[in-house]
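Grab a pencil and work through these short exercises. Each one sets a task and then walks through a solution.

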Amino acid sequence: MEQEQERGITIQSAATSCEWAGHRMNIIDTPGHVDFTIEVYRSLKVLDGGVGVFCGSGGVEPQSETNWRYANESGVARVIFVNKLDRMGADFYRVVDQVENVLAANPLIMTLPIGTEDDFTGIVDLLTRKAWVWDNSGDPSKYELLDVPADMVDDVETYREQLIETAVEQDEEAMEMYLEGEEPDMETIKKCIRKGTIALDFFPTYCGSAFKNKGIQPVLNAVVDYLPSPTEVKPQPEVDLEGNETGEFALVDPERPLRALAFKIMDDRFGALTFIRIYSGKLEKGMSVLNTFTGKNERIGRIVEMHAESREELESAQAGDIVAVLGMKNVQTGHTLCDPKNPATLEPMVFPDPVISIAVAPKDKAASEKMGIAIGKMIQEDPSFRVETDEDSGETILKGMGELHLDIKIDILKRTHGVEVEVGKPQVAYRETITKATEDSYTHKKQSGGSGQFGKIDYIIEPGEPGSGFVFESKVTGGNVPREFWPAVEKGFKNSLDNGVLAGFPCLDLKVTLMDGAFHAVDSSAVAFEIAAKAAFRQTIPKAGPQLIEPIMKVDVFTPEDHVGDVIGDLNRRRGMIKSQEAGPTAVRIKADVPLSEMFGYIGDLRTMTSGRGQFSMEFSHYLACPKNISEVVIKETRERNEAK
């Protein structure tokens, strides 16, 4: 994407396949930035293993923590690669230390660097006690296997001993052998490392410089030697159409019925590409598959193997493969494709809710239609991007995972789809209510030639229970207001609720009781009583202590321990009520109730406060009275805006 090239970051995950040491690998490259964790999350769902890449000088960055946590939750085995050791300030041992302390993980050091920064020439493989030294041509195949440099012999022996001690803990026999002073053979040690890696007991840790092509072969060997093959991963549970587990699993076997998961939709110049991970069975060109979400059959057109921008046509693919299919109409992220004769659904994906929203408007009518189509495509590609129309203002509201996320969506709208939009700030959905019960009376009389209109009502308006909405009751006895006119009175009050008296916001939680009244045998009608109720509402609400209420959000903040004071202080400044705080292994979780109006731009402030390591999520909780000074400003601004309209 142009946006990726300009910013030098990954925004969309990309897939490729390759062969190494007689094994086939499907590789997915995912973004690192927190705003695009959805890409990491959905890729983890379909992967068997991962390589966690850390910068040799930057170390464990904030977003690495988030993605590491996702990988732990998904139970994905990983090896670690400390990259960029040729950079200024690179320090392999410091990064290993951060992996232990910041991520609470257990790195198993497999290689040590020879030299650092400009002097970085290669690595020492601890298991074989061999030094891999590359020349400066940048050709990965130009290396020599040498003896360990003399100044590193002691370090190599110390780290090698730690490595073998940790590995043999996976096997009692090997452990006993080792304790008796005999080192197990290489095959046994590798078997132990593989077992511990798959069990997530530790993470084999490598180092190098990808840009200079130094240290990559050992990482690829590690993927083959230590990460699980598709058959060794806990199989995907199958669920029925109601979402209950059936007890069956999608076992990796080409002979079993087809089970595949669509994990990514991408729109490119040839149409929609649907990325699919096949768990069991075979996928063949021209075959018909069932989408269990829609209940419809889809025909498989072209199957392609992706290599970033280029693609290779395939006739078929089988269990374990990751491929893309062209031209699928109704498939979305998380849908299961299966054998129509043997239907089953794989566990669907759950996506985090957006935390930030902005209002957009097309610049002209032509842009309006284009914007609708473009946004439809963008929603299909990215399930963490949502769109809704604000019923109160008619604005289109875009919701996303962060400011950068929405910046890029606006950029894509403009550049990729050619839609010019004006970007505003979203309006908070304030509401109005009353604070005291008021008894009142209203008479509607109109006489102008012909039949007149007459309706008199005596009533009480009082605050309702929070969340009760509008409640109407009639206590009229003796027929002063005939029963057939009661619904008209109720309708008059109910229709008035949409426009409050303070600033025209809808009214919530009101109870109206009709006590008495009077009617005229000729001039009274349902319309007369409805008009009476509407006028009564406008007459009485100002006497009943009207009040502005604002939406309060349930906010959940994750922050490193050393920033807790700053975060709590900031939430208090935003009129937040701190509910609880719990310490976890890598961060503190703070729960609070905060007014929505104070939360705009919070993600940027939180990241500044916590050096980019804080995260938060929020959802609507309830409405609460607005402080007087704030409600005065809101009422004034809203009235001015309405007058301008």
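Before you start, here is the cut-off you'll need: a residue is buried under 20% relative accessible area, exposed over 50%, and partly exposed in between. Keep in mind that this is a predicted model.

**Exercise 1.** Find out which strands the salt bridge between Glu473 and Lys511 ties together, and sort both residues by accessibility.

Step 1: Look at the side chains. Glu473 and Lys511 meet in a salt bridge, with 3.0 Å from N to O.
Step 2: Place the partners. Glu473 sits in strand E31 (residues 470–474) and Lys511 in strand E32 (residues 510–518), so the pair ties together parts 38 residues apart in sequence.
Step 3: Apply the cut-off. Lys511 has 25% relative accessibility, so Lys511 counts as partly exposed. Glu473, at 29%, is partly exposed as well.

**Exercise 2.** Work out which partner is buried in the salt bridge of Glu550 with Arg575.

Step 1: Check the contact. The closest N and O atoms of Glu550 and Arg575 are 2.7 Å apart.
Step 2: Locate the ends. Glu550 belongs to strand E33 (residues 546–559), while Arg575 is in the loop between helix H13 (564–573) and strand E34 (577–583), 25 residues apart.
Step 3: Compare with the cut-off. Glu550 is buried because its relative accessible area is 2%; Arg575 comes out at 25%, which means partly exposed.

**Exercise 3.** Do the same for Asp605 and Arg574: is Arg574 buried or exposed?

Step 1: The side chains of Asp605 and Arg574 form a salt bridge of 2.6 Å, N to O.
Step 2: Asp605 lies in helix H14 (residues 602–609) and Arg574 in the loop between H13 and E34, 31 residues apart.
Step 3: Arg574 has a relative accessible area of 8%, so Arg574 is buried. Asp605, at 37%, counts as partly exposed.
Step 4: For a wider view, salt bridges with shared partners join Glu19, Arg24, Glu305 and Asp321 into one network. The full count is 30 salt bridges.

**Exercise 4.** Describe the second largest pocket: how much space lies in it, and which element gives the most to its lining?

Step 1: The second largest pocket holds about 970 Å³ of space.
Step 2: Its lining has 37 residues, and those closest to the centre are Met1, Glu4, Gln12, Met266 and Glu309.
Step 3: Elements giving two or more residues to this lining include helix H1 (2–7), strand E13 (259–268) and helix H10 (403–415). H10 gives the most, with five residues.
Step 4: By type, the lining splits into 14 nonpolar, nine polar and 14 charged residues.

Conventions: Residues are numbered from 1 along each chain as its sequence is written. This is a predicted model: local features need pLDDT of at least 70, side-chain atom pairs count only at pLDDT 80 or more; totals for chains, interfaces and linings use all residues. Side-chain values use heavy atoms; hydrogens and water are left out. On a 1 Å grid over the protein atoms alone, a cavity is a set of points where a 1.4 Å probe fits but cannot get out, and a pocket is an open set with protein on both sides within 12 Å along at least five of seven lines; lining residues have an atom within 4 Å of a point. Grid points are joined across faces, edges and corners, and a volume is the space filled by probe spheres set on the points. Helices (H or I, at least four residues) and strands (E, at least two) are DSSP runs, numbered from the N terminus. Ala, Val, Leu, Ile, Met, Phe, Trp, Tyr, Cys and Pro count as nonpolar, Asp, Glu, Lys and Arg as charged, and the others, Gly among them, as polar. A salt bridge is a side-chain nitrogen of Lys or Arg within 4 Å of a carboxyl oxygen of Asp or Glu. Buried means under 20% relative accessible area, exposed over 50%, partly exposed in between (1.4 Å probe, protein chains only).
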